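This note is offered to a colleague who is meeting the structure for the first time. Please read the points below with the sequence and the model side by side.

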Amino acid sequence: MLKRFLPLILLFVATSLLAQQTAKAPAPKTVYIRAGHLFDATSDNMRDNVVIQVVGDRIQSVGPAQSTQIPKGATVIDLSHATVLPGLIDCHVHLDSRADRYDEIYRFKDTPFSAAFAAVVHARKTLEAGFTSVRDVGSLPFLAVDLRNSINEGLVPGPRIVASGPPITITGGHGDLNNYSPQTRVSMFPEERDFQIADGVDQVRHVVRAQVKYGVDVIKILATGGVLSKGDSPGAPQFSLEELKVAAEEAHMAGRKIAAHAHGTQGIKNAILAGIDSIEHASLIDDEGIRLAKERGVYLVMDIYNDDYIRGKAVEFGLPKENVEKEKMVGELQRENFQKAVKAGVKMAFGTDAGVYPHGDNAKQFAYMVKYGMTPAQAIRAATSSAADLIGRAKDVGTVEAGKYADLIAVSGDPLKDVRVLENVGFVMKGGVVYKDMITSSPRP
Ligand SMILES: [Zn+2]
């Protein structure tokens with residue numbers, strides 16, 4: 001009896017399995033984007049009249065409009081009066097930092113929750129400004145990791161995040177709470193010294209390992225003093241060469257890259273010699289530092305826009321005098337040294353220190369990069385193909401090519417003529433999903 005029905009039963013099982021499968025995975029959506037102009041970031045050139053085919057969250061093909069067949073009834077996004085570029089990448093942001101919180105009292109008043117709520121808002125602003133990927137180089141312990149995961153789950157909108165933990169500092173260094181009595185403490189994880197403070201190679205090893213354990217993608221270490229901290233000098237090295245080497249070794253062993261904050265001349269060289277992958281700020285880099293960076297293929301991430309904000313608005317928001325003085329010391333020199341590094345042909349990636357100035361204004365740095373020696377194409381590639389290489393995501397983002405994520409932005413105007421058009425990104429797609437469109441919906445001039 002069973003034998004007679006077996007083929008029927010099998011057929012039933014097979015069809016219901018098939019039905020289940022199709023219910024689980026509907027055919028990925030295909031969208032055709034007509035780009036009037038395309039800067040794909042694989043070269044310094046602009047292409048005209050291109051069609052980009054997006055299937056699901058990836059780019060399927062990029063080709064000349066004349067030879068691309070768009071099927072009847074297909075979904076088309078018409079950006080034929082705009083310039084399309086890869087989604088931008090900022091390699092130095094702090095998504096939990098607020099640019100209106102310069103009064104020190106907030107170090108004692110704010111909770112981790114308020115920082116997290118702010119970070120959710122900042123993530124959306126960053127994405128809507130056209131930055132579809134960021135590297136967060138220092139937020140409260142594992143906030144950036146959680147935010148990355150929430151964005152990836154689709155719970156909140158935001159860019160793809162390459163997340164660090166809190167920046168690793170020496171006792172009394174740029175990341176420590178200085179100039180208060182020994183009784184004063186703000187601590188989330190006292191036993192672990194907030195996964196942030198480490199002295200000596202063993203503690204450095206431990207904190208890097210602990211950060212990896214809790215899900216960071218990248219390690220951030222503070223190799224010199226800072227501008228916005230108290231009681232330290234931006235020029236002074238922090239951590240010994242040996243400690244920095246151990247940090248780099250541990251990070252690399254875990255398959256992570258490592259970024260070092262370094263303003264001072266010696267600290268920059270120490271970080272390069274230690275095997276660090278990118279030097280953040282690099283304000284007082286000298287000729288030898290430039291030569292070393294070039295020789296070893298180390299990226300410089302120089303945040304040359306925010307000086308104007310720190311010396312303007314931040315003072316209004318209660319930035320202490322000590323910090324204003326320090327910024328005056330390094331701000332202008334950093335811009336001059338940026339120019340030298342560009343001339344020397346050092347690898348440069350776009351990073352702004354967003355959080356020091358308001359999130360969403362990231363693109364304001366392009367004009368400064370052009371003013372201080374880059375061509376617009378170089379500045380844009382620093383924020384696309386080069387940035388993708390630095391953050392280790394060149395397989396997925398940074399250019400408009402078949403196989404990459406459909407992370408695309410569009411602007412009105414020609415960014416190669418006036419890079420400031422990037423300050424008004426009108427269209428943002430991330431992974432094939434449109435997050436902002438003020439171009440196709442508005443009437444044309
Ligand atoms: Zn920073």
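The numbered points take up the metal site, the cores, the salt bridges, the surface and some local features.

1. Status of the model. The structure is a predicted model, and the points that follow should be read with this in mind.

2. The zinc site. Three protein residues act as donors to the zinc ion: His 92 and His 94, each through NE2, and Asp 353 through OD, at 2.1 to 2.3 Å from the ion. Their spacing along the sequence is H-x1-H-x258-D. His 92 belongs to strand β5 (residues 88-93), while Asp 353 sits in the loop between α11 (321-344) and α12 (365-371); the pair therefore ties together parts that are 261 residues apart in sequence. Both of these donors are buried, His 92 with a relative accessible area of 2% and Asp 353 with 8%.

3. The nonpolar cores. The largest nonpolar core has 94 residues, and those touching the most other members are Ile 221, Ile 279, Leu 300, Phe 338, Met 348, Phe 366 and Leu 422. Beyond its neighbours within four places in sequence, Ile 279 has contacts that include Ala 260, Ile 268, Ile 272, Val 298 and Leu 300. There is also a second, separate core of 19 residues, with Val 31, Val 50, Ile 52 and Val 400 among them.

4. A buried salt bridge. The count of salt bridges comes to 25. One of these joins Glu 280 to Arg 135, whose closest N and O atoms are 2.7 Å apart. Glu 280 is in strand β10 and Arg 135 in strand β6 (residues 131-136), so the pair ties together parts that are 145 residues apart in sequence. Is this pairing buried or exposed at Glu 280? Glu 280 is buried, at 0% relative accessible area, and Arg 135 is likewise buried, at 2%.

5. Salt bridges between helices. Glu 249 and Arg 205 form a salt bridge with closest N and O atoms 3.4 Å apart. This pair links helix α6 (residues 241-253), which holds Glu 249, to helix α5 (residues 200-213), which holds Arg 205, across 44 residues. Glu 249 is partly exposed, at 42% relative accessible area, as is Arg 205, at 24%. The two residues also take part in a network of salt bridges with Arg 209 and Glu 250. Elsewhere, the side chains of Lys 269 and Glu 288 meet at 2.8 Å, N to O. Lys 269 lies in helix α7 (residues 265-274) and Glu 288 in helix α8, so parts 19 residues apart in sequence are tied together by this pair. Here Lys 269 is buried, at 9%, whereas Glu 288 is partly exposed, at 39%.

6. A nonpolar surface patch. Ile 105, Phe 108, Tyr 180 and Val 186 make up a nonpolar patch on the surface, and together they have about 330 Å² of accessible area. Phe 108 is placed in helix α2 (residues 106-109) and is partly exposed, with a relative accessible area of 35%.

7. Backbone features. Which residue in strand β2 (residues 47-55) deserves a look? Asn 49 lies in that strand and has a positive phi of about 50° although it is not a glycine. Ala 282, also not a glycine, has a positive phi of about 50°; Ala 282 is in the loop between β10 (278-281) and α8 (287-296), and at 0% relative accessibility it counts as buried.

How values were computed
Residues numbered from 1 in each chain as written. Predicted model: local features only at pLDDT ≥ 70, side-chain atom pairs only at ≥ 80, totals over all residues. Heavy atoms only, no water. Core = buried A, V, L, I, M, F, W, Y, C linked by side-chain atoms within 4.5 Å. Buried < 20%, exposed > 50% of the residue type's maximum accessible area, 1.4 Å probe, protein only. Contact = heavy atoms within 4.5 Å. Patch = residues over 30% accessible without salt bridge, like charges linked within 9 Å, V, L, I, M, F, W, Y side chains within 5 Å. Areas by Shrake-Rupley, 256 points an atom, 1.4 Å probe, with all protein chains shown as cover. Salt bridge = Lys/Arg side-chain N within 4 Å of Asp/Glu carboxyl O. Helix = DSSP H or I, 4+ residues; strand = E, 2+ residues; numbered from the N terminus. Donors = N, O, S within 2.8 Å, 3.2 Å for Na, K, Ca; no water.
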